[in-house]
Amino acid sequence: MKKVVLKIEHLKKSFEKKEVIKDFDLDVYEGEFLTLLGSSGCGKTTILRAIAGLDSVTEGHIYIEGKEVTDLDPKYREVNTIFQNYALFPLMTVEENIGFGLKMKKVNKQEIKKRVSEMLELVHLQGYEKRKPSELSGGEQQRVSIARGLINNPKVLLLDEPLSALDQKLRKSMQLELKQLQKKLGITFIYVTHSQDEALTMSDRIVLLKDGVIEQVDTPVKIYEHPKSLYTAQFLGDSNLFQGDVIEVEKDYTRVKVEDTTLKILSQGFEVGDSLDIILRPENMKTSLEPSKDNVFQGKITEQIYDGAVTNLMVRVNKKKINVMYLGNDKLYTKGQEIYLTWDIEDAIVLKRDYNEE
């Protein structure tokens with residue numbers, strides 16, 4: 001059974017009578033890379049700051065390895081935080097920045113030097129000991145910040161959108177490095193981001209937040225391929241949404257009336273009259289010049305966008321625009337061309353329609 005290193009129970013947080021976090025519960029496991037994901041204002045950074053002790057909570061309890069730390073001063077919690085702006089001391093050298101926490105704890109100089117050297121090797125900054133932050137690139141400053149956060153060997157490392165200031169290529173590289181580093185050290189990471197790509201790439205589990213409430217907690221694969229709500233499906237990844245009503249239920253298949261056509265889906269306990277959301281990912285859409293027997297739309301290409309890795313087609317079907325994605329540029333279509341769209345029946349994400357999400 002996995003060991004719970006961090007437990008949050010019934011956490012609530014209000015600012016000027018506005019409830020930002022609403023009865024939040026979460027167990028975080030030892031050695032886990034967990035991501036708090038959501039749009040701006042959803043409460044993810046508020047939760048991170050409550051764990052760190054930087055903000056008080058209105059109600060609820062926070063435990064680290066079974067010890068309640070809800071009202072404990074930040075310096076007595078076995079957590080460290082890496083901020084978006086790195087927060088390095090500009091007049092200190094790299095080695096002074098990394099070893100600052102140990103110095104505050106009165107660790108002897110030889111031990112500090114030894115552990116700083118280990119951290120520099122870990123983040124590939126050997127030879128940078130005497131440089132100041134102003135002499136480092138954004139990626140190098142990020143590595144210093146990470147080393148400073150790790151040197152005290154915290155039970156939990158909190159990371160608040162630490163890669164947002166980096167360019168795309170460096171961000172991708174740092175995602176991989178962070179994930180490898182976390183697995184090597186076995187330290188629990190709690191990572192805050194609004195980027196679905198970062199969450200899907202790096203996480204063992206994702207906590208998707210909406211208006212201070214957990215929408216879904218799951219592995220990246222499950223939360224992407226098996227979302228439990230329309231909000232989750234549309235937040236993570238691109239999607240084509242169709243809405244319809246069940247008109248016939250068979251043993252293996254269910255037929256759904258969508259506008260002027262009928263679609264076939266796998267039977268999942270739906271009943272005649274149920275209103276459904278059917279979500280089709282662009283990468284699961286197939287194109288053809290000939291119609292298939294089931295689940296087919298006929299449309300006209302309005303845009304064709306090639307970005308080197310994939311090609312995106314925008315296809316107008318009646319009044320709806322459908323996004324289709326495929327690798328490379330091996331299918332040469334032209335703008336205005338009529339094509340047929342279909343998909344494998346098991347690739348459709350089907351949810352009973354929640355009218356509260358409209």
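Helices, taken here as DSSP runs of H or I with at least four residues, are numbered from the N terminus, and in this predicted model the residue just after helix α1, G53, takes a positive phi of about 85 degrees. Helix α1 itself, which covers residues 44-52, is mostly covered, with seven of its nine residues buried. The buried positions are K44, T46, I47, L48, A50, I51 and A52, a list in which the lysine K44 appears alongside I47, L48 and I51.

At the level of the whole chain, the protein has eight helices and 20 strands, and its C-alpha trace spans about 75 × 45 × 40 Å along the principal axes. Of the 358 residues, 46% are buried. Among contacts with a separation of 6 or more, 66% are accounted for by residues 24 or more positions apart. The accessible surface comes to about 18,800 Å², and carbon and sulfur atoms contribute 48% of that area. The protein carries 52 positive and 57 negative charges, and the mean positions of these two sets are 5 Å apart.

In soluble globular proteins, nonpolar side chains tend to be buried together. In the present model, the largest nonpolar core holds 32 residues, and the members that touch the most other members are I98, L150, L178 and F189. Two or more residues are given to this core by each of α2 (94-104), α3 (109-122), α4 (138-150), β7 (156-160), α5 (168-185) and β8 (188-193), with α3 giving the most, namely five residues. A second, separate core consists of 28 residues, among them L11, V20, C42 and V69.

The surroundings of F189 can be described in more detail. When its neighbours within four places in sequence are left aside, F189 is in contact with E32, F33, L34, L150, L157, L159, L178 and Q182; two of these partners, L150 and L178, are also listed with F189 among the core members that touch the most others. The strand that contains F189, β8, has six of its six residues buried, so it is largely enclosed by the rest of the structure. The side chains of β8 divide between two directions, T188, I190 and V192 pointing one way and F189, Y191 and T193 the other, and all of these residues are buried.

Strand β8 is paired with two other strands. Strand β3 (residues 33-37) is joined to β8 by five bridges, and the two run parallel; within this pairing, L37 stands opposite T193. Five bridges likewise join β7 to β8, again in the parallel sense, and here L159 of β7 has Y191 of β8 as its bridge partner. L159 also belongs to the residues in contact with F189.

A contrasting arrangement is found at strand β12 (residues 253-258), which has a covered face made up of T254, V256 and V258 and an uncovered face made up of Y253, R255 and K257. On one side of the sequence, strand β11 (residues 240-249) is joined to β12 by four bridges in an antiparallel manner, with E248 standing opposite R255, a residue of the uncovered face. The strands β11 and β12 form a hairpin in which three residues lie between them. With strand β13 (residues 261-266), β12 pairs in the antiparallel sense over six bridges, and the bridge partner of T254 in β13 is I265. The strands β12 and β13 also form a hairpin, with two residues between the strands, and in this hairpin E259 takes a positive phi near 55 degrees.

Positive phi values also occur at two further positions that are not glycine. E16 has a positive phi of about 50 degrees although it is not a glycine, and its place is in the loop between β1 (4-15) and β2 (18-29). Since residues count as exposed over 50% relative accessible area, E16 is classed as exposed because its relative accessibility is 82%. N153, another residue other than glycine, has a positive phi near 50 degrees and is found in the loop between α4 and β7. With a relative accessible area of 52%, N153 is likewise exposed.

Notes:
Residues numbered from 1 in each chain as written. Predicted model: local features only at pLDDT ≥ 70, side-chain atom pairs only at ≥ 80, totals over all residues. Heavy atoms only, no water. Buried < 20%, exposed > 50% of the residue type's maximum accessible area, 1.4 Å probe, protein only. Contact = heavy atoms within 4.5 Å. Areas by Shrake-Rupley, 256 points an atom, 1.4 Å probe, with all protein chains shown as cover. Lys, Arg positive; Asp, Glu negative; His and termini not counted. Charge placed at Lys NZ, Arg CZ, Asp CG, Glu CD. Core = buried A, V, L, I, M, F, W, Y, C linked by side-chain atoms within 4.5 Å. Pairing = 2+ DSSP bridges.
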